[in-house]
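Reader: Could you take me on a close look at one strand in this protein and what surrounds it? I would enjoy a connected account that starts from a single residue and then widens out.

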Amino acid sequence: MSQMPAPNTRQPISLGAESSSLKASSTGPIGIITMQSPDNLDESRLRELAESLSLQQQVRLLTGADVWSTHAIPEIGLKRVVLSDGPSGVRGEDFDERHDSISLPSSSALSASWSVELAHRYGQVLGQEARRKNVNVVLGPTINLHRSPLGGRHFECMSEDPRLTATLAAGYVSGVQSMGVGATPKHYVANDSETDRFTADSVVDERALRELYLAAFEDAITEARAWLVMSSYNSINGTTASENKLLENPLSTEWGFDGVVVSDWTGVRSIEAANAHQDLEMPGPVGHWGDNLLAAVQDGRVSRGKILEKVIRILRLAARVGSLRGFEPAVTQLPARLDGGAVAREVAVRGAVLLRNEGGLLPLDAKALKSVAVIGHNADEARIQGGGSATVMPRYTVSPLEGLRKALPADVAVSYARGAKVAEGIQPFRRGEMTNPVSGGDGVLLTFFDKDGTEISSEDRFASQLIWFGIGIPDGAASVRTLTDWSAPTTGTHHLGVATVGRISLAIDGDVRFDDELVDETEVLGAALFFPPSFSTPVQATAGQKIRVEVNYQLEGDGPIPFSVFTFGVEAVVEDPQAEIAEAVEAARTADVAVVVVGTNSAIESEGFDRKDLDLPGYQNKLVEAVAAVNPRTVVVVNSGAPVLMPWLDNVGAVLLGWFGGQEFGTAIADILLGKEEPGGRLPTTWPATLEDVPVLSTTPVDGKVVYSEGIHVGYRAWLKQQDEGGATPAFPFGFGLGYTTFDLGRPHAPASVPAGQDVLVHVPVKNTGSRTGRETVQVYLARRESDVERPVRWLAGFAGTHLAPGGTDSVEVRIPARAFGHYDGGWKFEPGAFQLLIGRNADDDTFQALEIQVR
């Protein structure tokens with residue numbers, strides 16, 4: 001077998017409009033993106049600066065100054081470097097709604113676009129946002145694989161496939177860094193589930209680790225040249241990530257990574273991490289390093305050389321982002337500014353996947369409509385983002401209900417019925433329903449008090465979920481009080497309440513309804529943010545009636561990270577679920593079309609825990625069945641970040657997957673349903689028909705270990721293997737997606753033979769044979785039935801897209817990286833002989849066109 005040559009990691013990159021890879025070229029709408037390499041920096045000066053610091057200064061620099069930034073050293077011209085959560089928005093150093101952020105669609109929505117060019121612009125918007133908020137580093141993209149659909153954080157990840165993930169991650173990284181802001185691929189590595197995430201040991205064989213889980217990271221390092229990587233919480237094959245040799249090889253040696261390895265927050269567990277390639281411990285100022293690391297260097301357990309190299313890497317990062325005096329930043333000329341809201345809408349449109357469209361129900365003809373029934377809790381209170389550290393505070397959001405009402409002509413009657421409860425727990429009051437009792441404007445009066453009850457300060461806020469994570473609480477504050485006059489939106493019984501972990505009280509018009517401790521029983525770090533315990537109480541009110549709501553909360557002072565959060569608002573309490581369904585059915589019965597928006601809630605998809613099943617919560621399945629029974633023109637919009645089961649699939653007219661669609665979600669959905677835009681998405685992960693069918697499912701450690709016993713057969717690879725053995729097929733395969741027009745793929749062309757280690761170009765003629773402009777994604781898979789090496793049935797090797805008017809044609813070029821023909825066995829190797837190139841539209845396309853190619 002042939003040995004694979006080492007990759008060239010030091011070429012400039014460019015982004016073709018729909019290319020499946022980042023390739024060295026001067027063409028394309030974005031052009032060459034040149035990132036500063038070590039050769040552009042004066043490395044000797046960096047080393048001199050690092051050596052000029054005392055050992056105490058060097059060690060201090062390796063732990064954060066606070067929750068979100070590194071230490072400054074003014075005497076050498078070093079400013080602090082500020083890091084902020086992504087990956088689908090840039091929050092900044094606080095969770096303050098007054099400092100709003102663009103909320104882009106989730107990463108699963110981005111990856112459904114199958115567009116590296118769009119990923120680049122997505123990243124550029126994040127870079128713009130970072131600069132606006134004085135942030136130097138975005139903590140994203142999250143590029144762990146969708147190993148099991150039960151993974152609770154998959155909305156934040158991209159795909160089940162390493163090729164698709166790696167390509168889009170590289171586009172994202174290059175976009176962020178084109179703005180002179182560091183990107184941080186995370187979480188390195190095999191951090192593919194949330195159960196026991198701080199202690200779980202991912203047991204993965206070397207081949208699967210190289211061909212799947214490490215491969216997902218590789219392009220972001222070797223092609224886009226990320227300036228940081230975040231190590232994960234979990235262990236890999238017995239060694240915690242922050243101490244693991246994988247930080248050295250392949251990351252720093254084989255891939256040539258010269259940036260900073262930052263820990264996940266509290267992810268450094270011991271001094272041993274300092275002997276690995278872990279560079280920066282976050283958060284600070286207290287951690288496992290500090291004085292302990294200083295002592296370890298002094299007594300020889302950690303070498304001075306290790307410390308010096310880490311300091312150089314941190315100084316290199318500071319130079320690249322413009323935080324080190326005397327060094328030119330990596331980017332001195334910024335690209336033209338993008339409209340963040342417009343990009344958010346475009347990603348939501350191009351990532352939306354049309355799964356079903358019986359009889360051409362979609363797009364709807366607005367001129368022919370007289371009435372539309374909009375149904376579903378998520379139609380009015382859509383989930384635009386997943387839960388946890390990915391949370392940002394957008395200035396506005398557009399729900400599907402709002403989007404349709406704005407888009408439809410004035411003479412179309414639009415009704416709304418909730419139909420089934422989805423959101424669990426206390427949901428924040430809407431901004432327009434709250435009046436600050438002192439200022440008279442929208443919002444809340446918030447006041448901090450010291451331990452003696454003396455007022456420290458007050459401020460006007462506009463949200464009733466209040467979060468402080470290392471910043472924003474004045475010194476000496478022991479408690480906080482909020483006051484607002486809430487206007488009841490409807491007449492009836494409303495359940496007002498509070499949610500948090502800790503001591504809290506709630507008074508309604510001066511009547512204390514609760515004054516006690518709310519206790520977290522999950523033992524999940526940050527449970528108060530992810531899914532906190534709550535209390536609610538019934539309040540009778542007429543529409544427009546103002547209710548004085550007062551909350552007093554005792555601020556938390558303990559824990560590894562300064563963290564306090566509480567929510568006050570309304571809980572949806574449904575006494576008679578069947579009555580809600582009946583109301584929706586009556587609305588749908590006489591409507592020209594029923595649009596039912598179903599989805600998940602924060603108790604199902606969030607950081608911190610995995611899913612128990614793939615069911616839609618509550619009575620949503622019964623709701624869809626009942627509505628479809630009275631109106632065959634039923635369109636279901638799925639508002640989730642990852643797969644859900646759809647037992648009603650064959651009974652509805654159309655199904656549109658909208659993911660967590662960001663702040664413009666409702667606008668995008670309306671534009672697609674009414675035909676202003678075409679859904680451009682293709683599934684980045686397989687959608688099962690039943691839970692029992694899923695070939696790789698469990699995310700729960702056994703004796704502390706998550707054993708990846710499936711090896712290289714993950715995602716669609718596992719499904720195809722299962723099908724080959726006579727097992728179940730999914731509801732929808734990887735890569736699937738419909739559109740509003742039709743395309744013909746002509747006879748593809750590729751060389752008949754190539755030497756091992758050489759890329760292959762495949763050319764595919766594409767013609768739009770329909771009556772509308774649309775987008776097609778050409779997918780190329782490899783297969784090899786006769787082999788001395790265990791292989792998947794087929795695997796994605798490359799892809800490319802084209803956008804064509806009716807009758808339009810294009811010759812789509814798909815580059816197949818040489819690595820796609822290789823396998824890992826102590827090194828990258830090639831098996832000579834015949835491979836099949838399979839050109840089609842999804843991983844299980846029954847119309848694949850096949851070409852044979854010899855690797856010699």
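**From one valine outwards**

Author: Happily. V598 sits in strand β27, and the model we are looking at is a predicted one. With a relative accessibility of 1%, V598 falls under the 20% limit and therefore counts as buried. What does V598 touch, once its neighbours within four places in sequence are set aside? The contacts are N378, L616, Q620, V624, V636, V637, V638, N639 and W648. A nice companion to that list is N621: in sequence it is 23 residues from V598, while the C-alpha atoms of the two are 8.6 Å apart.

Now let us step across to a partner of this strand. β27 covers residues 593–599 and pairs with β13 in the parallel sense, through 4 bridges. Within that pairing, I375 of β13 has V596 as its bridge partner in β27. β13 has another pairing, with strand β14 (residues 413–417), which is also parallel and runs over 5 bridges. There, the bridge partner of I375 is A417. I375 thus has a bridge partner in β27, namely V596, and one in β14, namely A417.

Is β13 itself enclosed or open to the outside? Strand β13 spans residues 371–375, and 5 of its 5 residues are buried, so the rest of the structure largely encloses it. In a regular strand, side chains alternate between the two faces of the sheet. For β13, both faces are covered: S371, A373 and I375 are buried on one side, and V372 and V374 are buried on the other.

Other sheets offer a useful contrast in setting. One is an open sheet of 3 strands in the order β4-β5-β6, with parallel pairing. Its edges are β4 (83–85) and β6 (182–183); each has a single partner strand, so one side of each has no neighbour in the sheet. Strand β5 (residues 137–139) is joined to β6 by 2 bridges, and the two run parallel. In that pairing, V137 stands opposite G182 of β6.

Another open sheet has 5 strands, ordered β32-β40-β39-β34-β35, and its pairing is mixed. Here the edges are β32 (753–754) and β35 (795–804), each with a single partner strand, so one side of each is left without a neighbour in the sheet. Inside this sheet, strand β34 (residues 774–783) pairs with strand β39 (residues 833–840) in the antiparallel sense, over 5 bridges. L782 stands opposite L837 in β39.

From strands, we can turn to how side chains gather. In soluble globular proteins, nonpolar side chains tend to be buried together. The largest nonpolar core here has 98 residues, and Y188, Y213 and I816 are the ones that touch the most other members. A second, separate core has 58 residues, including L41, L46, L61 and V67. Which residues surround Y188, apart from its neighbours within four places in sequence? Among its contacts are L214, F217, V229, M230, L246, L247, P250 and W255.

P250 from that list deserves a second look, for its backbone. The peptide bond from N249 to P250 is cis, with omega near 15°, and P250 is placed in helix α8 (residues 248–252). The bond from M282 to P283 is also cis, with omega near -5°; P283 lies in the loop between α9 (272–275) and α10 (291–298).

Two phi angles are worth a visit as well. Most residues other than glycine have a negative phi, and most peptide bonds are trans. R225 is not a glycine, yet has a positive phi of about 55°. R225 is in the loop between α7 (215–222) and β8 (228–231), and is buried, with a relative accessible area of 10%. N237, likewise not a glycine, has a positive phi of about 50°. N237 belongs to the loop between β9 (235–236) and β10 (239–240) and is partly exposed, at 41% relative accessible area.

Finally, the enclosed spaces. There are 7 cavities of 30 Å³ or more, and the largest has a volume of about 100 Å³. Its lining is made of 14 residues, with R147, P149, E160, G715 and W719 nearest the centre. By class, that lining comprises 7 nonpolar, 5 polar and 2 charged residues.

Notes:
Residues are numbered from 1 along each chain as its sequence is written. This is a predicted model: local features need pLDDT of at least 70, side-chain atom pairs count only at pLDDT 80 or more; totals for chains, interfaces and linings use all residues. Side-chain values use heavy atoms; hydrogens and water are left out. Buried means under 20% relative accessible area, exposed over 50%, partly exposed in between (1.4 Å probe, protein chains only). Two strands pair if DSSP finds at least two bridges between them. Contact means heavy atoms within 4.5 Å. On a 1 Å grid over the protein atoms alone, a cavity is a set of points where a 1.4 Å probe fits but cannot get out, and a pocket is an open set with protein on both sides within 12 Å along at least five of seven lines; lining residues have an atom within 4 Å of a point. Grid points are joined across faces, edges and corners, and a volume is the space filled by probe spheres set on the points. Ala, Val, Leu, Ile, Met, Phe, Trp, Tyr, Cys and Pro count as nonpolar, Asp, Glu, Lys and Arg as charged, and the others, Gly among them, as polar. A nonpolar core is a set of buried Ala, Val, Leu, Ile, Met, Phe, Trp, Tyr and Cys residues joined through side-chain atoms within 4.5 Å.
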